[in-house]
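Biologist: Hey, got a minute? Could you walk me through this model?
Modeller: Sure, let me pull it up.

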Amino acid sequence: MTTFSLPRLLRAPAVRAMLIQCGALPLTLAIVYVLASFRFPVNYLTVAALQGLLAAMLTWKLALAPWWRPIQLLFPLAVLTALALHLPSWLAGALFLLLLGLYWSTFRTQVPYRGGGGAGGGGGPGRPPRPHHPPPAPPAPP
């Protein structure tokens, strides 16, 4: 059984990515304020793109895995798109719970989920086959 540890939780890349998005928000608001004070036209798309760009840059600077950068860049734009499509709010919750159920072990172990690799199959596309261990030899007759 594992116990709850806040420092351990804060080291999880998904939590760090969420905190980076939250940390990028004040920077985004400050830049939007400066842009608006110079009468630069600011709309929701500009704010979402700026938020994503700042989060992706912070992700790079804080050395998260490279695949987090496009996620951080596109997340605010995806939220804006979902809002523009007037999707029902329960859909986001249901999708979150579905993905949480599928990828919970990935969050805990940081090992990607790979389905379909049966008992004797290979390690996946482009990976060597799993080692085969033959059954033990029968005992020698006396």
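Biologist: So how many helices and strands are in the protein chain?
Modeller: This is a predicted model, and its protein chain has 5 helices and 0 strands. Going from the N terminus, the order reads α-α-α-α-α.

Biologist: OK, and what share of the residues counts as buried?
Modeller: 15% of the 142 residues in the protein chain do.

Biologist: How much area does the protein chain expose, then?
Modeller: About 11400 Å², with 74% of that supplied by carbon and sulfur atoms.

Biologist: Which residues make a nonpolar surface patch?
Modeller: L6, L9, L10, M18 and L19 make one of about 430 Å². Two elements, α1 (6–11) and α2 (13–37), each give two or more residues to that nonpolar patch.

Biologist: Which of them gives the most to the nonpolar patch?
Modeller: That would be α1, with 3 residues.

Biologist: Let me pick on L9. Where is it found?
Modeller: L9 sits in helix α1.

Biologist: And why does L9 count as partly exposed?
Modeller: Because its relative accessible area is 31%, and partly exposed runs between the under 20% of buried and the over 50% of exposed.

Biologist: Switching topic: for contacts between residues at least 6 apart in sequence, what share joins residues at least 24 apart?
Modeller: In the protein chain, 50% of those contacts do.

How values were computed. Residues are numbered from 1 along each chain as its sequence is written. This is a predicted model: local features need pLDDT of at least 70, side-chain atom pairs count only at pLDDT 80 or more; totals for chains, interfaces and linings use all residues. Side-chain values use heavy atoms; hydrogens and water are left out. Helices (H or I, at least four residues) and strands (E, at least two) are DSSP runs, numbered from the N terminus. Buried means under 20% relative accessible area, exposed over 50%, partly exposed in between (1.4 Å probe, protein chains only). Contact means heavy atoms within 4.5 Å. Accessible areas come from the Shrake-Rupley method with a 1.4 Å probe; for residues, only the protein chains shown count as cover. Patches are made of residues with over 30% relative accessible area and no salt bridge: like charges are joined within 9 Å, nonpolar side chains (Val, Leu, Ile, Met, Phe, Trp, Tyr) within 5 Å. A salt bridge is a side-chain nitrogen of Lys or Arg within 4 Å of a carboxyl oxygen of Asp or Glu.
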